[in-house]
Amino acid sequence: MEPIIEVRDLSKTYASGTAALSGMDLDIRQGEILALLGPNGAGKTTFISIVCGLVTPSGGSVRVAGHDIVADYRAARSLIGLVPQEISIEMFETVMNTVRFSRGLYGRAPDDAYLERLLRDLSLLDKRDAKLMELSGGMKRRVLIAKALSHGPRVLFLDEPTAGVDVNLRRDTWEVVRRLRDQGVTVILTTHYLEEAEEMADRIGIIDKGRLMLVRDKRDLMHEFGRKRLVIELTEPLAELPAALSTPGLILAADGRQLCYDYDTRADRSGIARLFAGLAAQGIAVRDLETRQSSLEDVFLRLLGEAA
């Protein structure tokens, strides 16, 4: 299947001399959720702004469904919806009139039936006649999503879609995004909530200092860079870790009641069998065991640390 978005050697240098993007290559698949992660100033918003036609690239190319975003910008832009970080809407207008207006900006014929289905999917239908100033912050963000989808785009960019939203509305938004993916919409999101990316994304891209460090399927990324921790609860506390047990990755908890062993999931040998043999040889009894998998946050911080 041809990618819906093709990015080749994309760069952006601002007049100040700041290189926001440098040599970016990326293919985005039809119907996937791609999470772009990176620290503030990494280049995530610049990338989105270029693809959406808000910022002119300094070099390289971007094609959306085969349409060059510069040479054929009208066709490319008509396929894209954008939900920006900032809430910028006409507060005295109603929800329905707001999404009607957004649809009209793209030259699409009026279609209230489509817009009502859209509002229903976003749990906004009962608010269709409410003024935007009357809505909660979470509901306003849903209106932004409705505006972005009003013209039926094939690609949706979500720039920090759940910033400032409570936990329940955040999870509701996740469900909306999954339904869009199931309907064939390609979703690209940036987020500072790493659990959000871990929960929703099919692939993860990590940007730092204007460069795309990697793009991997989420499961492959977690397997390749993830680590596991084995937590061993001891029957009796230890005053110190016996020298015979000393091995990289093994630490004794401050209260002496637990041993924590970090190991690489990719290694041919984990060292666990040797650890338990050592415990038995030292006469140390084990009460309980627990394993913990690295989170995406652990992986993200590790990768940024390696790149520093």
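Which helices each supply at least two residues of the lining of the second largest pocket? In this predicted model, the answer is helix 4 (112-121) and helix 6 (167-182). Helix 4 gives the largest share of that lining, with 4 residues. The space inside the second largest pocket comes to about 270 Å³. Its lining is made up of 15 residues, and the closest to the centre are Tyr 114, Leu 118, Leu 180, Gln 183 and Val 185. Sorted by chemical character, the lining of the second largest pocket splits into 8 nonpolar, 3 polar and 4 charged residues.

Now for the largest pocket. Its volume is about 380 Å³. A set of 17 residues lines the largest pocket, and Leu 82, Ser 88, Ser 102, Leu 105 and Lys 147 sit closest to its centre. Two elements give two or more residues to this lining, namely helix 3 (95-105) and helix 5 (137-149). Helix 3 is the top contributor here, as its 5 residues are the largest share of the lining. On the chemical side, the lining of the largest pocket holds 8 nonpolar residues, along with 4 polar and 5 charged ones.

Next comes the sheet. It is an open one, built from 6 strands in the order 6-7-8-3-9-10, and the pairing is mixed. At the edges are strand 6 (80-83) and strand 10 (211-217), each of which has a pairing partner on one side only. Going from one strand to the next, the twist averages 15°. To look at one pair in detail, take strand 7 (residues 155-159) and strand 8 (residues 186-190): they run in the parallel sense and are joined over 5 bridges. One spot to find in the structure is Asp 159, whose bridge partner in strand 8 is Thr 190.

Helices also lie against these strands. Helix 1 (residues 44-51) goes across five of them by name: strand 3 (33-37), strand 6, strand 7, strand 8 and strand 9 (203-208). Relative to strand 7, helix 1 runs at about 150°. Helix 5, already met at the largest pocket, lies across strand 6 and strand 7. Its direction makes an angle of about 165° with strand 6. Strand 6, then, is an edge strand of the sheet that has both helix 1 and helix 5 lying across it.

How values were computed
Residues numbered from 1 in each chain as written. Predicted model: local features only at pLDDT ≥ 70, side-chain atom pairs only at ≥ 80, totals over all residues. Heavy atoms only, no water. 1 Å grid on protein atoms, 1.4 Å probe; cavity = no way out; pocket = protein on both sides within 12 Å on 5 of 7 lines; lining within 4 Å. Points joined across faces, edges and corners; volume = space filled by probe spheres on them. Nonpolar A, V, L, I, M, F, W, Y, C, P; charged D, E, K, R; others polar. Pairing = 2+ DSSP bridges. Axes fitted to C-alpha atoms, helices over the stretch in contact; angles between N-to-C directions. Contact = heavy atoms within 4.5 Å.
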